[in-house]
Amino acid sequence: MKLILLGPPGAGKGTQAESLAKRRGLIQLSTGDMLRAAVKAGTEIGRKAEAVMKSGGLVSDEIVIGIISDRIAEPDCANGFILDGFPRTLKQAAALDELLDSKGTILDAVIELRVDDSALLSRIEKRAADTVAAGGTIRADDNADALKTRLMAYYRETSPLVGYYFAQGKLRTLDGMAPIETVAAKIDELLGTP
Ligand code: ADP
């Protein structure tokens, strides 16, 4: 099964992708996690991405499309995957369609998590506080200024994907304001029994 989780920063894509991947034996592909790992490892991609990620802007399509096409080609992705944080632009969506088409496969569904904008800042503040409480390091972009930029990038670049996938008949929209377990149950309901 090949799925996309779509929604603004703080919508719960990462949380849902992780638990869904476990429940269904799928691979979670988070471009945000992959880019953060590249920054940490100091690779060339990491060096290119670091400043733009910190400010809340989008890394270039070329870089993220490259990362995803390499990753999808690995054998563990053959059974299926959940994309979380990709695609984020129409160009990325078109590249993904081409990539899947060239492998003779298609997307099963795009799950959109709808969340009130007013809830996003408090969710991101909570994530930062939870990380500190667990002794971890706060993400460089989990602050009010970067969130503003991330939200603008979402509305400008990513939200058109809602229409793009609706037109493809792939879009399934869920209430991302519901408790985590409820959202997870709704996702299972719409995907049907594994
Ligand atoms: P969020 O919590 O905003 O969903 P992510 O962990 O998915 O955050 O991504 C963090 C940052 O990584 C983004 O703000 C962006 O700079 C970069 N990034 C991740 N995925 C992409 C992508 N598909 N295209 C461009 N930039 C990306």
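A: Let's begin with the classes we need: Ala, Val, Leu, Ile, Met, Phe, Trp, Tyr, Cys and Pro count as nonpolar, Asp, Glu, Lys and Arg count as charged, and the others, Gly among them, count as polar. Please keep in mind that this is a predicted model.

Q: Happy to. With those classes, how do the residues of the shell around the ligand divide?

A: The shell holds seven nonpolar, five polar and seven charged residues. Of the 19 residues around the ligand, T31, R36, G57, G85 and Q92 come nearest.

Q: Which helix gives the largest share of the shell around the ligand?

A: That is helix α2, residues 31-41, which contributes four residues to the shell.

Q: How should I read polar contacts here, and which atoms of V59 and the ligand are involved?

A: The general idea is to look for a pair of N or O atoms within 3.5 Å. In the case of V59, a polar backbone atom lies 3.0 Å from a nitrogen atom of the ligand. G85 also takes part through its backbone, with an N or O atom 2.9 Å from a ligand nitrogen. R150 uses its side chain instead: one of its polar side-chain atoms is 2.9 Å from an oxygen atom of the ligand.

Q: And how much of the ligand's accessible area does the protein cover?

A: On its own, the ligand has 550 Å² of accessible area, and the protein covers 97% of that. As for the site itself, the ligand takes up the space of the largest pocket.

Q: Which residues does a cis peptide bond join?

A: Omega is the angle to check. The cis bond joins F86 and P87, where omega is about -5°. P87 is placed in the loop between β3 (81-84) and α5 (90-102).

Q: Let's turn to accessibility. Is G10 buried or exposed?

A: The idea is to compare the relative accessible area with two cut-offs: buried means under 20% and exposed means over 50%, with partly exposed in between. G10 has 18% relative accessibility, so this residue counts as buried. You will find G10 in the loop between β1 (2-6) and α1 (13-24).

Q: What about S69: where is this residue found?

A: S69 belongs to helix α4, residues 61-72. Its relative accessible area is 22%, so S69 is partly exposed. The S69 side chain also reaches the backbone oxygen of G66, at 3.3 Å.

Q: Where are D188 and I45 in the fold?

A: D188 is in helix α9, residues 180-191, and I45 is in helix α3, residues 44-55. D188 has a relative accessible area of 24%, so D188 is partly exposed. The value for I45 is 32%, so I45 is partly exposed too.

Q: Last topic: how do I set separation along the chain beside distance in space?

A: Take a pair of residues and read both values, using C-alpha atoms for the distance. D188 and R23 are 165 residues apart along the chain, with C-alpha atoms 9.3 Å from each other. For S69 and V183, a separation of 114 residues goes with 29 Å. I45 and I106 are 61 residues apart in sequence and 28 Å apart, C-alpha to C-alpha. G10 and L29 are 19 residues apart in sequence, with 17 Å between their C-alpha atoms.

Notes. Residues numbered from 1 in each chain as written. Predicted model: local features only at pLDDT ≥ 70, side-chain atom pairs only at ≥ 80, totals over all residues. Heavy atoms only, no water. Helix = DSSP H or I, 4+ residues; strand = E, 2+ residues; numbered from the N terminus. Buried < 20%, exposed > 50% of the residue type's maximum accessible area, 1.4 Å probe, protein only. Polar contact = N/O pair within 3.5 Å; in protein donor to acceptor, adjacent residues only side chain to side chain. Near = heavy atom within 4 Å. Areas by Shrake-Rupley, 256 points an atom, 1.4 Å probe, with all protein chains shown as cover. 1 Å grid on protein atoms, 1.4 Å probe; cavity = no way out; pocket = protein on both sides within 12 Å on 5 of 7 lines; lining within 4 Å. Sits in = over half its atoms within 2 Å of the grid points.
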